Amino acid sequence: EIQRRSFLVLLLLPSAAFLSLSLSLTNSVPVLQSFRIGTALKRFIMSSRPELLAPPEIFYDESEARKYTSSSRIVQIQAELSERALELLALPEDGVPRFLLDIGCGSGLSGETISENGHQWIGLDISASMLNVAVEREVEGDLLLSDMGQGLGLRAGVIDGAISISAVQWLCNADKSSHEPRLRLKAFFGSLYRCLSRGARAVFQVYPENLAQRELILKQALQAGFGGGLVVDYPHSTKKKKEFLVLTCGSVPTSIEDSCSEDDDSEDDDSEDGKIGVSDRNRPRKRQRTNEKRKGKGKGREWVLKKKEQSRRKGNDVPHDSKYTARKRKSRF
Amino acid sequence: PKTLGRINILYVFFFTWFGCSSLHLLDLAREEREREEREMRLITHNMLSCNIKGVTNGFPLKIESVKVIEKEVDFNPDFLRHMFAKIEWKALVEGARSMGYAELPEDSPDASVLESVDETFLRKLHHALLELHLEEGALVCPETGRKFPVNKGIPNMLLHEDEV
């Protein structure tokens, strides 16, 4: 009896090993990937800036690509950003589908928005795993595995517009010893300028780390011959703030204000005249004098209205002001 | 009891091995089915040129097709008319021929044929441009001969360090 039981146990071990081996070969069990605790810990520490962790083709490996695409929050944000970028692209509304470029297309989230708007597109990305996810999702655009810092390799004047969602900031980091961010940005913008047709625009949604990065990107873009500037959505909110670099190619003189929708709170630093005007958001504010009497009596109606206005500017849902706002309630409240 | 045990082991080993391999095969079959995907159409090939440093005549890339599939795409004549001016006709005809489609006329037709009521030319153009997909194969630079492999419809255009 004991012999038989021990035999059974001995049988179970190799069969379990066999199963796990075959499953890992097919890469269908993401559970096995989580054994890499080291990277997970690193990610926990520096989760807001992936470009500081690893080059994009290594950071976006298979498990990260799947996580990225299956997160509904990310899908929703990418869809919103792509819609806004398409809006800023200001394509003529004549119902003719255009041929666009999606730089850093990843798993095709932004590309799907382009297809929904009826245009054809080519997507570029440096991460093969992300592109594989895109293939699985059956995106409608053609995909290219290429490095945007090496130049785009497209013929002159063939692209009607280019968008890029959350990708260009990866160029500012040198991922290999042979990389020089300035030269890579130069190659990228130079080849982009060549392949865009006259009057076409390029809209990049970027997450620059600091002022220096913004300046670097803008300077290289202007040197390549682009005109345009930065459009900032929700500039007062740290969470919702999104920056779009809108570059124009050729001599179509439409101003950027025309393409803003009414409910968006956006400002732009225009650099059409060749100079860069970049202003830091954190301006030293004058110290507001505190009213001693005010502090004692509590916060009145004016203060409440001011706070509600601030919140509205940030983009939050705020009930409208009425005669009941900040009305004195009965003491039991 | 000993001999009985050994035969038991053999049976169970065989069973688990069989089970694992069938799971593996099923998985592979699923991957094969899913791989009937798109990408790398002639419209993109017509725009791509070789980006290697020093190459002056990197367009058009020669197509070596190992696997070509045809997928239906909605016919949109406005788009075709818009793209017609940008297409390099010779490269398109060559590329279509390498993918197995020889219906396109050799010389670039003039623009009037786009506006004609007869849609045959537009249909042929649509088929060649948007419906032929190169799944496996390679794109070859005409000047240096460097091959850019195409896997699952995605061409690998990454350049090595010395080519940038």
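Colleague: How many salt bridges does the rule find across the interface of chain A and chain B?

Modeller: The count there is 2 salt bridges, bearing in mind that this is a predicted model.

Colleague: What makes Asp142(A) and Arg41(B) a salt bridge?

Modeller: Their side chains come to 2.9 Å, N to O. The cut-off is 4 Å between a side-chain nitrogen of Lys or Arg and a carboxyl oxygen of Asp or Glu, so the pair Asp142(A) and Arg41(B) qualifies.

Colleague: Which elements of chain A supply at least two residues each to the side that touches chain B?

Modeller: Those are α1 (2-26), β2 (120-125), α7 (128-136) and β3 (142-145). The largest share, 9 residues, comes from α1(A). By type, that side of chain A divides into 21 nonpolar, 13 polar and 9 charged residues.

Colleague: How much area do chain A and chain B bury between them?

Modeller: About 4000 Å², with 62% of it on carbon and sulfur atoms. In residues, 43 of chain A are in contact with 45 of chain B.

Colleague: Happy with that! Now the interior: which residues touch the most other members of the largest nonpolar core?

Modeller: Phe188(A), Leu192(A) and Phe204(A) do, in a core of 73 residues. Helix α6 (residues 120-131) of chain B gives the most to this core, with 6 residues.

Colleague: Why is Leu192(A) called a contact of Phe204(A)?

Modeller: Contact requires heavy atoms within 4.5 Å, and Leu192(A) is listed among the contacts of Phe204(A), so the two have heavy atoms within that cut-off. Other contacts of Phe204(A) include Ile103(A), Val168(A) and Phe188(A).

Technical notes:
Residues are numbered from 1 along each chain as its sequence is written. Chains are lettered from A and ligands numbered from 1 in the order in which they are written. This is a predicted model: local features need pLDDT of at least 70, side-chain atom pairs count only at pLDDT 80 or more; totals for chains, interfaces and linings use all residues. Side-chain values use heavy atoms; hydrogens and water are left out. Buried area is the accessible area (1.4 Å probe) that two parts lose on being put together, summed over both. Helices (H or I, at least four residues) and strands (E, at least two) are DSSP runs, numbered from the N terminus. Ala, Val, Leu, Ile, Met, Phe, Trp, Tyr, Cys and Pro count as nonpolar, Asp, Glu, Lys and Arg as charged, and the others, Gly among them, as polar. A nonpolar core is a set of buried Ala, Val, Leu, Ile, Met, Phe, Trp, Tyr and Cys residues joined through side-chain atoms within 4.5 Å. Buried means under 20% relative accessible area, exposed over 50%, partly exposed in between (1.4 Å probe, protein chains only). Lists of a residue's contacts leave out its neighbours within four places in sequence.
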